[in-house]
Amino acid sequence: MFYTTFPTKFGFSGFAWNEVGLTAFSLPEENIDEVATRLQQNGEPKAPDGNIPFPLKSLIQRVQNHLEGNLQDFVDLNLDWTNLSDFKRDVYLETRSIKPGLKKSYGNIARALGLGAKGAQAVGAALGRNPWPLVVPCHRVVSACGKMTGFSGPGGIRTKARLLALEGAELLSE
């Protein structure tokens, strides 16, 4: 397993991977060391310069393009689902289907998964632990009334709003 960091319009981003696929993704932060720390939590070494597989080199460009307003869809990326429950996998797969500029509520996702009334809370909890924000676009999930609620990524709700605005989603104010 390796990780890499790279600059974007929003700050430094990065991701970790193994032979199966992406294991982690970090939304942009101002401090590159914070991104590196987030990605090497399991002891992953930084990839040697020039030793990044082509599909992942392409991912760097795609993330940079997305954050510059040239919107991308990341559903083609291989993710390493190994350490995730079936429930989280189902939530993340449903969330991956939300296209840029669109939103779904936690309840919408819960209903799509056949969950009961408490399902929205469980969906929110799963998305709060999303290892691949942006790739699994948890920022596109909002409350039932369309308001932005908790966001565990760097920058919190401000980052969520910034990403949604970049993607052209309709935002509701208080």
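## A three-stranded sheet and its surroundings

Strands β1 and β2 (residues 11-17) are joined by 7 bridges and run antiparallel. That is a good place to start with this predicted model. Look at the register and you'll find Thr4 standing opposite Phe15 in β2, while Phe2 has Trp17 of β2 as its bridge partner. The link between the two strands is a hairpin, with 2 residues between β1 and β2.

Now carry on along the chain. Another hairpin takes β2 into β3, this time through 4 residues. The pair β2 and β3 also runs antiparallel, and 5 bridges join them. Phe15 turns up again here, since its bridge partner in β3 is Phe25.

Put together, the 3 strands make an open sheet with antiparallel pairing, in the order β1-β2-β3. The edges are β1 (2-8) and β3 (22-29), each of which pairs on one side only. On average, and ignoring direction, neighbouring strands in this sheet are turned by 15° against each other.

What packs on the sheet, touching β1, β2 and β3? Helix α1 (residues 32-39) does, and its direction makes about 160° with that of β3. Helix α2 (residues 54-67) lies across β1, β2 and β3 too, running at about 30° to β1.

How enclosed are the strands themselves? In β2, 6 of the 7 residues are buried, so the strand is largely enclosed by the rest of the structure. The edge strand β1 is largely enclosed as well, because 5 of its 7 residues are buried.

### Three buried residues

It's worth zooming in on a few individual positions. Here they are side by side:

| Residue | Relative accessible area | Place |
|---|---|---|
| Ser105 | 7% | strand β4 (residues 104-105) |
| Glu29 | 8% | strand β3 |
| Pro133 | 11% | loop between α5 and β5 (141-142) |

Take Glu29 to begin with, as it belongs to the sheet we've just walked through, in strand β3. With a relative accessibility of 8%, Glu29 counts as buried. Which residues does Glu29 touch, not counting residues up to four places away in sequence? The list is Gly11, Phe12, Glu34, Val35, Arg38 and Pro154. Of these, Gly11 and Phe12 are within the residue range of β2 (residues 11-17), and Glu34, Val35 and Arg38 are within that of α1 (residues 32-39).

Pro133 sits in the loop between α5 and β5, and at 11% relative accessible area Pro133 is buried too. Setting aside residues up to four places away in sequence, Pro133 touches Phe25, Leu27 and Cys138. Phe25 is a residue we've already met, as the partner of Phe15 in β3, so this loop residue reaches the sheet through that contact. Along the chain, Pro133 and Ala169 are 36 residues apart, and their C-alpha atoms are separated by 17 Å.

Ser105 is found in strand β4. Its relative accessible area is 7%, and it is buried. Apart from its neighbours within four places in sequence, Ser105 is in contact with Arg111, Val141, Val142, Ser143 and Ala144. Val141 and Val142 carry the numbers of β5 (141-142).

### Two helices that cross

Away from the sheet, there's a helix pair to look at. How do helix α3 (residues 86-96) and helix α5 (residues 119-127) pack? Their angle is about 85°, with the axes 10 Å apart, and α3 and α5 are therefore roughly perpendicular to each other. From α3, the residues at the contact are Phe87, Lys88, Val91, Tyr92 and Thr95; they meet Ala122, Val123, Ala126 and Leu127 in α5. Sorted by class, this contact has 7 nonpolar, 1 polar and 1 charged residues.

### How confident is the prediction?

The protein chain has a mean pLDDT of 91, and 97% of its residues reach 70 or more. Among the elements of the chain, α3 has the highest mean pLDDT, at 97, and helix α6 (residues 156-166) the lowest, at 90. So the α3 side of that helix crossing comes from the element with the highest mean value.

How values were computed:
Residues numbered from 1 in each chain as written. Predicted model: local features only at pLDDT ≥ 70, side-chain atom pairs only at ≥ 80, totals over all residues. Heavy atoms only, no water. Axes fitted to C-alpha atoms, helices over the stretch in contact; angles between N-to-C directions. Parallel < 35°, antiparallel > 145°, perpendicular 65-115°, else oblique. Contact = heavy atoms within 4.5 Å. Nonpolar A, V, L, I, M, F, W, Y, C, P; charged D, E, K, R; others polar. pLDDT = per-residue confidence, 0-100. Pairing = 2+ DSSP bridges. Buried < 20%, exposed > 50% of the residue type's maximum accessible area, 1.4 Å probe, protein only.
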